[in-house]
Amino acid sequence: MTAFSRAVRETVSGLPRQFWWLWTSTLVNRLGGFVVTFLALYLTVQRGYSASYAGLVAALFGLGGAAGAVLGGVLADRIGRRPTLLATQLGAAATTAVLGFVTNPLAIAAVATLVGLTSSASRPALSAMIADLVPPKDRVRAFSLNYWAINIGFGVSAAAAGFIASEGYVWLFVGDALTTVLCALVVYVKAQETLPVTAKVTYVSGKAVSGTTASGKAVSGTTAKSRPRKATSRRDPDSTDIRLSDVLRDQRFMALVGLTFLLGSVMNQANSTLAVDMGAHGLSARQFGVVIAINGLVIVLLQIPVTRLVRRYGNAALLGVGSLLMAWGFGLTVLAGSVALYSLTVVVWTLGEIVHAPASMSVVADLAPATARGRYQGMYTLSWSAAAFAGPLVGGVTLDQLGRNTVWLGCAVLGTLAGAGYYLLLRGRPAAPVLPTAPVAAGVEAQAPAPHDAPEQVGG
């Protein structure tokens, strides 16, 4: 067996079968993700709208995505991961198809907002489902593989979209919608609900007389010496009835969200300020396309071997190192003026992205109580959506007013601060306890928690 095949086997082995169906649905969805990449070209070239209007539609798409991240997280915890995935993916397919046929500028803006909302709303549910399925020790590996699927799909769809658009832009919207429907069908046929549900148990004179346990088993007449003697219902405030306001009051998690917003603002310079900076050096749009394509290529080639290489390290170290690579990858842009140097900077910050992205998703899953993973993933996704809005805006203004040196050195400083913050926040700190997954029983409320082992360490 070659070293490569052994590395692949060790990376992909041991994960639940349902994870691979979710992985497949992600790949299918991203293989057909044509619209977002070519939306600005469609609006300006095909429909004849101005660049300003195209920018407005992109901003509305982002705002819809921010709202969808929160909404999807709440729904994933309230109605379940599977129905949330089904509803939002079917909604995304419908709105994407409609966007290809509407022509009125107000209608386009409104539908684009809905596309952003429905597309983003499925992500917290998918992340929560992976966290439910995969044990903590394997989560970085699982999220890394899912991230790999996203980038394989993105690379193929970006290349194919140009050929499809030459036959008519409407086929981009139809193709995107059809692959999203196929993704929803995979979830419907193969995915099972993973939302951890445990029962509300009623106690009379120290005995459990009705309900089910955390494992989903019915109880009747079970002695509970530590319970109160009068009839009552007990719920664990740490794992059920957790509202969005409770997530906002989780100071440690919200600090993580703030650091992610900071780093995300740096990362989003790749989508805006980098192109302007390259243009100022006389490089063409085609050359920019070649440089930015290196990002996806490096991820596809190196995601699995890098994940295997760093698997022994804790999340605190991974987030710290990943942030530093991203920070100084963008910081090195201050020295760039040719395609070769710009490409080198992209390689550096892409390596940081490979290390950071799966570890950050794993940390969110570890910090969240099992029945609130959707809300936590939603708030985490919101930090990236907010960064996608604020990062390009601040970067553009800074470039105009203070110059390129301030932009790229500022990225290095902000990213370094984020990396230090991640490490200090997560080093040697325990993760939230992981509750067992149980089937949903009709008429059962949450939550009478089962005993759990000592919480695992995050980072360190």
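# Buried pairs and what they link

Biologist: At 9% relative accessibility, does Asp-77 count as buried or exposed?

Modeller: Asp-77 counts as buried, because its relative accessibility of 9% is under 20%, the cut-off for that word. Please keep in mind that this is a predicted model.

Biologist: Which residue forms a salt bridge with Asp-77, and how far apart are the closest N and O atoms?

Modeller: The partner is Arg-375, and the closest N and O atoms of the two residues are 3.3 Å apart. This pair links distant parts of the chain, since Asp-77 lies in helix α4 (residues 51-78) and Arg-375 in helix α15, 298 residues apart. Arg-375 is also buried, with a relative accessible area of 7%.

Biologist: How many salt bridges does a search of the whole structure find?

Modeller: The search finds 8 salt bridges, and their surroundings can be read in the way we read Asp-77. The side chains of Asp-246 and Arg-249 meet in one of them, at 2.5 Å from N to O; here Asp-246 is partly exposed at 29% relative accessibility, whereas Arg-249 is exposed, with a relative accessible area of 56%. Another joins Arg-404 and Asp-277 at 2.7 Å, N to O, and it links helix α16 (residues 404-426), which holds Arg-404, with helix α11 (residues 273-280), which holds Asp-277, across 127 residues. Both Arg-404 and Asp-277 are buried.

Biologist: Which residues are joined into one network by salt bridges that share partners?

Modeller: The network is made up of Asp-77, Arg-81, Asp-132 and Arg-375, and with it we return to the pair from which we started.

Biologist: What describes a pair of aromatic rings?

Modeller: Such a pair is described by how far apart the ring centres lie and by the angle between the planes. This structure holds 6 aromatic pairs, among them Trp-23 and Trp-148, which form a tilted pair at 6.3 Å centre to centre with 40° between the planes. Trp-23 lies in helix α2 (residues 17-31) and Trp-148 in helix α7 (residues 139-166), so the pair ties together parts that are 125 residues apart in sequence. Both of these residues are buried, and together with Phe-19 and Trp-20 they form one aromatic cluster.

Biologist: How is the pair of Phe-253 and Tyr-376 to be read?

Modeller: Their ring centres are 4.5 Å apart and the planes stand at 55°, so this pair is tilted. Phe-253 belongs to helix α10 (residues 251-267) and Tyr-376 to helix α15 (residues 373-402), so parts that are 123 residues apart in sequence are tied together. Phe-253 is buried, with a relative accessible area of 1%, and Tyr-376 is buried with 4%.

Conventions: Residues numbered from 1 in each chain as written. Predicted model: local features only at pLDDT ≥ 70, side-chain atom pairs only at ≥ 80, totals over all residues. Heavy atoms only, no water. Phe/Tyr/Trp six-rings, centres within 6.5 Å; stacked < 30°, edge-to-face > 60°. Helix = DSSP H or I, 4+ residues; strand = E, 2+ residues; numbered from the N terminus. Buried < 20%, exposed > 50% of the residue type's maximum accessible area, 1.4 Å probe, protein only. Salt bridge = Lys/Arg side-chain N within 4 Å of Asp/Glu carboxyl O.
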